[in-house]
Amino acid sequence: MKDDVAMDEKRLLLYTREKCPLCDKAKVVLEELSSETGISFREIDIYSDDDLIERFGLMIPVLEWKGGIIQYGNIDKYSLLEIFKK
């Protein structure tokens, strides 16, 4: 479990749900980013946990990195690239 936490600090967490067009679009953007930057992502369905539904229900997709939310809704590749440069 401790290794999972350490691993998540080095990759993006994408909170999604089924039948979500913006989530599908976000996955395509993150796959492109992963191939360009080497930063991987892990997808988490908010319906796997009631707390996640309550926290992110209307915001998804939500992108978290290093413990903070960096984008939600329409995920923008170029804004993410700027964040990763810092």
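This note goes through the fold, the surface and the disulfide of a predicted model.

1. On the fold, the chain contains four helices and four strands. Read from the N terminus onwards, these elements follow the order α-β-α-β-α-β-β-α, an order that opens with a helix, closes with a helix, and places two strands one after the other just before that closing helix.

2. On contacts along the chain, it helps to ask what share of the contacts between residues at least 6 apart in sequence join residues at least 24 apart. For this chain the share comes to 62%, a value worth keeping in mind while tracing the helices and strands of the model.

3. On burial and surface, the chain has 86 residues, and 35% of them count as buried. The accessible surface of the chain amounts to about 5,800 Å², and carbon and sulfur atoms account for 50% of that surface.

4. On the disulfide, the count for this model is one, and the bond links C20 with C23, whose sulfur atoms lie 2.3 Å apart. This pair is accepted as a disulfide because 2.3 Å falls within the cut-off of 2.5 Å between cysteine sulfur atoms. The link between C20 and C23 is right-handed, with an angle of 75° about the S-S bond.

5. On the surroundings of that link, are its two cysteines buried or exposed? C20 counts as buried because its relative accessibility is 5%, and C23 is buried as well, with a relative accessible area of 0%; the cut-off that both values meet is under 20%.

Conventions. Residues numbered from 1 in each chain as written. Predicted model: local features only at pLDDT ≥ 70, side-chain atom pairs only at ≥ 80, totals over all residues. Heavy atoms only, no water. Buried < 20%, exposed > 50% of the residue type's maximum accessible area, 1.4 Å probe, protein only. Contact = heavy atoms within 4.5 Å. Areas by Shrake-Rupley, 256 points an atom, 1.4 Å probe, with all protein chains shown as cover.
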